[in-house]
2 protein chains.
Amino acid sequence: MITQIEKAQQFHALHIKGAPLVLFNAWDAGSAKEIEKAGAKAIATGSWSVATAYGFDDGEKLPFDLAIANIQRIAQNTQLPVSMDLESGYGDAPEQVANAVAAAIQAGAIGCNIEDSFPADGSLRDVHAHAARIKAMRAEVDARKVNFFINARTDVFFQSGADTHNMAMVDACLQRAEIYARAGANGLFVPGVVADELIAAIAARSPLPVNVMVSQATPTRARLAELGVARISYGPGPYRIAMKALIDAAKSALQ
Amino acid sequence: MITQIEKAQQFHALHIKGAPLVLFNAWDAGSAKEIEKAGAKAIATGSWSVATAYGFDDGEKLPFDLAIANIQRIAQNTQLPVSMDLESGYGDAPEQVANAVAAAIQAGAIGCNIEDSFPADGSLRDVHAHAARIKAMRAEVDARKVNFFINARTDVFFQSGADTHNMAMVDACLQRAEIYARAGANGLFVPGVVADELIAAIAARSPLPVNVMVSQATPTRARLAELGVARISYGPGPYRIAMKALIDAAKSALQ
């Protein structure tokens, strides 16, 4: 039986710049099992898919105990490392975010995403206030003597459409990355960025392995690898693919 | 806001011999919402899909409180009538089955499936012992002054392969149907039967509207209507379709 620490070490080692870990995001135990069988090296949830499957809106509307019970069932149904999308930590205060991480660890997770925007409106938190939250998470992990991959997500590129993205935003993103790294983050997740040159600039200068979320607008996986990305997430994509097949078949059966 | 009783009446009225109600089975709130949008007239769960999505084997291995919480979320996320697959009633004793129905009603269901085989090995229960269970369900429904569609599933045709099915089994099935109808059942669910002449014989002589589960081996929907079927279920099919799409996309992303 592989231990929590071994799984976390395995997960850290999978973050290789230029040979990215691919996370085809799951939402429940059943989808996680299928994704494992399809050849995944790790399982990560996406909060939008989890919330939608449970009938809730995204943005911490899914009660936290359901999110934790769900990640526990996922961890019990796979031998792979499991990372939980903790959204914005289910609370503003560092202690609340530390409690969320503690629950994720107890449920069997070896890593998490934590985002620096407010769940209510998506606006960015003060960078130092957010760093204090990451520091509290790291302290909680250390106190538990476990290994845990904190993937610091910055929503700089979610503040405006892709046509407005520029190098100043890359600078803002990297400034945050430096501060989050010092607070104890292990990875930098930058959803929303799609342009080759911006991704390349982030990957070249980030102090942390860079995670990009794929969409119709992003470069191919091969190109993302060339640009220096270390982790690729599919976010809501896998759930949408499954639901698209369901809808098509349902329409055909119900017409 | 449509009441429980109105939804149940609506559901009863959808069972029309020759113009069957089509139930494209859901497993969670998210899938139920998509199936509603695709044009469904009612939502019904299939226990295999629900258990699999939660990471459990079928056969009442999914803890009952999770099954109830799941059906409650489904009922809260749709305006359609919701029928719950109660498997074999989560208990042998009539009181236990009555309790299961009470929980389903409280969670918002207006109907259920109840099967006459044992969850452990799939063998058939004594017909009178099972009728006592249905009678207890009906008494519970009446005591609550609600309307509830009890779909009595008989597993006569699940006892052996389709090549062994014959008219003696139709007689056994109909004998059970008569007894279940007198105990308070509203519908007869006969999964596993696939041959036109056997389906036609059941539909011609059943005291209750007949429900057939479609598979690769069953006649087309149009033909099932001609044969006198009043309700068509897809069982695990919809979940498998969604997972097939997920697996294909996962393999492509992870290769």
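Which residue stands opposite B:Met213 in E8(B)? In this predicted model, considered at pLDDT of at least 70 for local features and at pLDDT 80 or more for side-chain atom pairs, with totals for chains, interfaces and linings using all residues, the residue opposite B:Met213 is B:Ser233. Residues are numbered from 1 along each chain as its sequence is written, chains are lettered from A in the order in which they are written, and side-chain values use heavy atoms, without hydrogens and water.

Strands E7 (residues 210-213) and E8 (residues 231-233) of chain B pair in the parallel sense over three bridges; strands (E, at least two residues) and helices (H or I, at least four) are DSSP runs numbered from the N terminus, and pairing requires at least two DSSP bridges. The open sheet of chain B comprises eight parallel strands in the order E1-E8-E7-E6-E5-E4-E3-E2. Its edges are E1 (21-23) and E2 (43-44), each paired on one side only. H4(B) packs on this sheet, touching E2 and E3 (82-85), and its direction makes about 165° with that of E3(B); axes are lines fitted to C-alpha atoms, for helices over the stretch in contact, and angles run from 0 to 180 degrees between N-to-C directions.

The contact between the chains (heavy atoms within 4.5 Å) takes 38 residues from chain B and 38 residues from chain A. The buried area, which is the accessible area (1.4 Å probe) lost on putting two parts together, summed over both, is about 3000 Å², with 68% from carbon and sulfur atoms. Helices H2 (29-37), H3 (47-53), H4 (64-76) and H10 (237-254) of chain B each give two or more residues to its side of the interface; the largest share, 14 residues, comes from H10(B).
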